[in-house]
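Here is a friendly walk through a structure you may not have met before. Keep the 3D view open and follow along.

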Amino acid sequence: MGKHHLGEFEEIVMLTVAILQDEAYGFAIIEEMENRLKRSVSIGALQTVLKRLEKKGFLKSELGESTAVRGGKRKRFHHLTSAGKEMLQKTKEQRIGLWDAIPEFILKFNR
Amino acid sequence: MDRKSPPKFPLSFFRWFCNPEYVEDIEGDLQERFKKRAHEKKPARWLFALDVFKLFRPGIIRKLKRTQKPGYSILLKHYFKITLRNFRKHRSYSLINAVGLAISLACCVLIGIYLNYELSYDKHFKNADRIYRLTREFKNADGSTSLHLSRLAPPFVPYLREDFPEMEVITSFNTFGTTLHINGKNYLQQNIAFADHNFFKIFQLDFISGDPLTALKNPGAMVLTEQTAVKYFGTTDVVGKIFPYESDLFLNITGVIKDMPENSHFRLEMILDFSFVEDRYSSREKMLQDWPANIYSTYFLLKNGSSIEEIEKRFSKFFTDHLDENANDRTALHIQRLTDIHLHSNLDDEQGLNGDIAHVHSFIIIGLLILIISMINYMNLTIAMSLNRAKEVGMRKVLGAGKPGIVGQFITESTVMVLLSIVSAFIIALLALPYLTGFTGNSYFFGFTEMIQSLAFIGAVGMTIGLLSGSYPALVMANFHPLNALKSRLSIGSGNSYFKQALVIVQFSISSILILCTGVVFEQLSFIKNKNLGFDKEHMLILYLNGASGSDEEAFKQSLLDHSSILNYGTSNNIPSTQLTSMSGVKTEVDGEMVSPEADIKNIRIDENFLETYGIQMAAGRYFNKNIRTDSAGYILNEAAVRMIGWASNEEAISKRMDYDRKPGRIIGVIEDIHFESLESKITPMIFLLAEDPLYVLSARLNSGDLTETLSYIENQWNSFFPKVPIEYQFLDERFNALYEAETKRAEIFTGLSCIAIFIASLGLFGLASFTVSRRTREVGIRKVLGASIKQILVLLSKEFMILVGISFIVGFPIAFYFTEQWLNSYAYRINISFLPFLLTCVICLGMALVAVSLRTIEAAKHNPVKSLKYE
């Protein structure tokens, strides 16, 4: 296993970035997350995580063209790096492995 | 309140704390979110503030450590600002620094221009590296050189062509001057040569018109330089015209060449076909026998790939083949590189005044010494000034400047200073160049490339100096501990001040060496100029009788004595101040037998009046006498010849038999030794003989009366007897001065450079002294309060510097003594170095140092102590 492993919020952010493909900039990510997960995300929390992921090498970003909508401010678009994709894949397999190891009845009981 | 835009305070707060890299896109997100919320009628402004607050976390906030690195350009701008402020604050230091450096750099440029010119001689010829000159040496019986001539006799070239296939082309020419009568006018034409048709194959001069290969092929051909063509015809379009060389000799002009560059060791203006020379001999066989007529400068072009050593090895065989079995004992051939001639050759009959590689070296050394002095100045002053700025450095360090920053600051200051100096050095050099040209008589070509070259040169030298001498203080300062620097508890350690003192000693040693050398050089030159030559060189008029011959000549000479101011005259083929190059085989009677003396005796052909006119004293015997018929076979020697032959006394020589040039005769007199030649050479054995042919140089002794009147009388007489020939005369003392002219000029340049050296050194001392004074202001104040007199304070402040100057004498004098001794040994007649130059050096150095130091110390000593104590 790699040195890093993803925190829950980190994982969600990366997945959202993956969903948005070429439109993954700050506000879009927040909107997507709020819409899908119904949970409020502060810009501060998101940005911190984005920076951290970029530092870990799972994301990369570049500034786009300036638009009139945002007061002329440019958007920073995020993409998964191959390391990021690999990480997501691994995380998914771990989760599935964990799910597979759970006896069926427990889940049924809970429901 | 404007509800449609985000609140101002949180936004500007965000902009302040956020890492500048992220500001833009995050602010964009904030804005976008704000708009959406505003659209959804949520409390967008509050939520915005909340978002901003939540953004205030590590990872988003800008780096705290060093908030921002200013760009290099900002830093540089700051350096420049501080540099300018510093220059303005310390005007005198900066001026001293810049001026010293500028002057020394300008000196270097001028020396460089001069040397460049000296080194450029003959290099402009095509194939200059393959052209060689042949020279002929004559040896005494003991193997030493009696004469080394740069020219060869006519038989050499034909035989050399047969024997040395390695010499691709050989050419020879002889040079002379004459008076030409063109269109009823007289022209004195120098630099004429008879040259064979190979001349232009070796010296590929630029032809304006005509064909170099055939120009000298046909008998009666002539090539002119541009200038000469214009002189006689007013145009350069003269090829095919007829040149009336003599009344019965007309030459065909076959070519016009560009004027020969001045940096050639020979200069020709008129080149005539060589067949005239051959025509002088009744037959070719006769010419091939004339080995003594060494008047043809001979050059060859070496075949590619051949070696000079191989050629030299076969010279002895050459002489035994063509001259006789024993020829190698008497004479030898040598080879000189064309490009070595100007600086390395000083033979007995050079074409013109050559340079000397020793002078090239000494100028390089002086240039370097001056550079060193100014460099030390620069370093000393920079160090001294920088100590004043310890606090500044301390403050910078406290505010976060690193070592590179401090070094950068000081290097920038150095660089700016050096750049200023370079620019002013260049201007000074340009302004001074005409003086150099006027002084040395060389016309230096200073075009665009030369300018770029010299700029690049001083640029490189200057920047090196700036970096070298700027880096030491820079590094010292950068290592200051900020706390100590701020507390001014800087121990400017004794090591540092020793270093400074050593630098001052070096400077003044160099200055004292240069001044001492100058003094000795001048003493020697005045010794040479004023030495008793053994005859009276004053008021002696030298008149050249070229072209004036026949019965008129005798009448003219007689008419001279009619004037009361003309005391006497004599004629000869040579006059004092010329180098003697003529000699013949000699046998003399020693102990009853006729033997050859071990050294050659050089001859001077004279008339009966010559010795008397010159006032030459007889050591034994008598002058030639017109009325004694046997005197035509009489010889007069000098004492050097008597000593060389080995007679015990001058009297013993009288009446001894002697064969000179195979002509038997007897010795009738011995003259006291006179300096016939330059004092650089020893008095050689000389023989005076009565001439059979007419003599062309007349020496007339004038009395000190009205010189202009006498001269105009002589001119009138000349013009009435020889109306067609221009009169040509000189004074003997002028000729002697001309002998030492080059040496005198060099001495003057030397003086100028030593003055500059001592000036720069004193500038430095001045700067250093004023620095010391300013640091000791309070000490001086306290001393004055306690009762010290101005004199005591002066002594106190100057003592240190005077001791340093004193030490530099101890260092400098032995070195200077050694070199001047070496130089003096090149003279046959030299002074012994007296104490006078030493005294002079001490006085000048101490004087300059004292002036430099006291300019500031007097001021400090006079200062009101109250004011100086209030200082700070």
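## A hairpin to begin with

Let's start with a hairpin: strand 1 and strand 2 of chain B form one, with five residues between them. In the turn sits B:Gly143, with a positive phi of about 95 degrees. Keep in mind that this is a predicted model.

The two strands of this hairpin run antiparallel and are joined by four bridges, with strand 2 covering residues 145-149 of chain B. If you want a pair to look for, B:Glu137 has B:His148 in strand 2 of chain B as its bridge partner.

## What else strand 1 pairs with

Strand 1 of chain B (residues 131-139) also runs antiparallel to strand 11 of chain B (residues 296-302), and four bridges join them. Here B:Arg133 is matched with B:Tyr299 in strand 11 of chain B.

Then there is strand 12 of chain B (residues 331-337), which pairs with strand 1 of chain B over seven bridges, again in the antiparallel sense. For that pairing, look for B:Leu134 and its bridge partner B:Ile335 in strand 12 of chain B.

## Another hairpin in chain B

Further along, strand 8 and strand 9 of chain B make a hairpin with two residues between them. Strand 8 takes in residues 242-246 of chain B and strand 9 residues 249-257, and the two pair antiparallel over four bridges. Across this pairing, B:Pro244 stands opposite B:Phe250 in strand 9 of chain B.

## Two residues with a positive phi

Most residues other than glycine have a negative phi. B:Asn191 has a phi near 60 degrees, a positive value in a residue that isn't glycine. You'll find B:Asn191 in strand 5 of chain B (residues 185-195). B:Asn191 counts as partly exposed because it has 18 C-beta neighbours inside 10 Å.

B:Ser655 isn't a glycine either, yet its phi is positive, at about 70 degrees. It is found in the loop between helix 24 (650-653) and strand 21 (657-660) of chain B. Is B:Ser655 buried or exposed? With 12 other C-beta atoms within 10 Å, B:Ser655 is exposed.

## Stepping back to the whole of chain B

Zoom out, and the secondary structure of chain B comes to 31 helices and 25 strands. The radius of gyration of chain B is 40 Å, well over the 29 Å that the globule rule gives for 872 residues, so the chain is more spread out than a compact globule. Along its principal axes, the C-alpha trace of chain B spans about 140 × 80 × 55 Å.

Of those 872 residues, 37% count as buried. Take the contacts in chain B with a separation of 6 or more: 82% of them come from residues 24 or more positions apart.

## Over to chain A

In chain A, helix 1 (residues 8-20) packs against helix 2 (residues 26-37) at an angle of about 105 degrees, with the axes 10 Å apart. These two helices of chain A are therefore roughly perpendicular to each other. Helix 1 of chain A brings residues including A:Ile12, A:Val13 and A:Leu20 to the contact, while helix 2 of chain A brings A:Ala28 and A:Met33, among others. By class, this contact has eight nonpolar, one polar and one charged residues.

## Where the chains meet

How many residues does each chain put into the contact between them? Chain B gives 17 residues and chain A gives 19 residues. On the chain B side, helix 2 (20-39) and helix 3 (44-55) are the elements that give two or more residues. Helix 2 of chain B gives the most, with 11 residues. By class, the side of chain B that touches chain A has nine charged, five nonpolar and three polar residues.

Definitions and conventions
Residues numbered from 1 in each chain as written. Chains lettered and ligands numbered in written order. Predicted model: local features only at pLDDT ≥ 70, side-chain atom pairs only at ≥ 80, totals over all residues. Contact = placed C-beta atoms within 7 Å. Nonpolar A, V, L, I, M, F, W, Y, C, P; charged D, E, K, R; others polar. Pairing = 2+ DSSP bridges. Rg over C-alpha atoms; globule rule 2.2 N^0.38 Å. Buried ≥ 20, exposed ≤ 12 C-beta atoms within 10 Å, placed from the backbone. Axes fitted to C-alpha atoms, helices over the stretch in contact; angles between N-to-C directions. Parallel < 35°, antiparallel > 145°, perpendicular 65-115°, else oblique.
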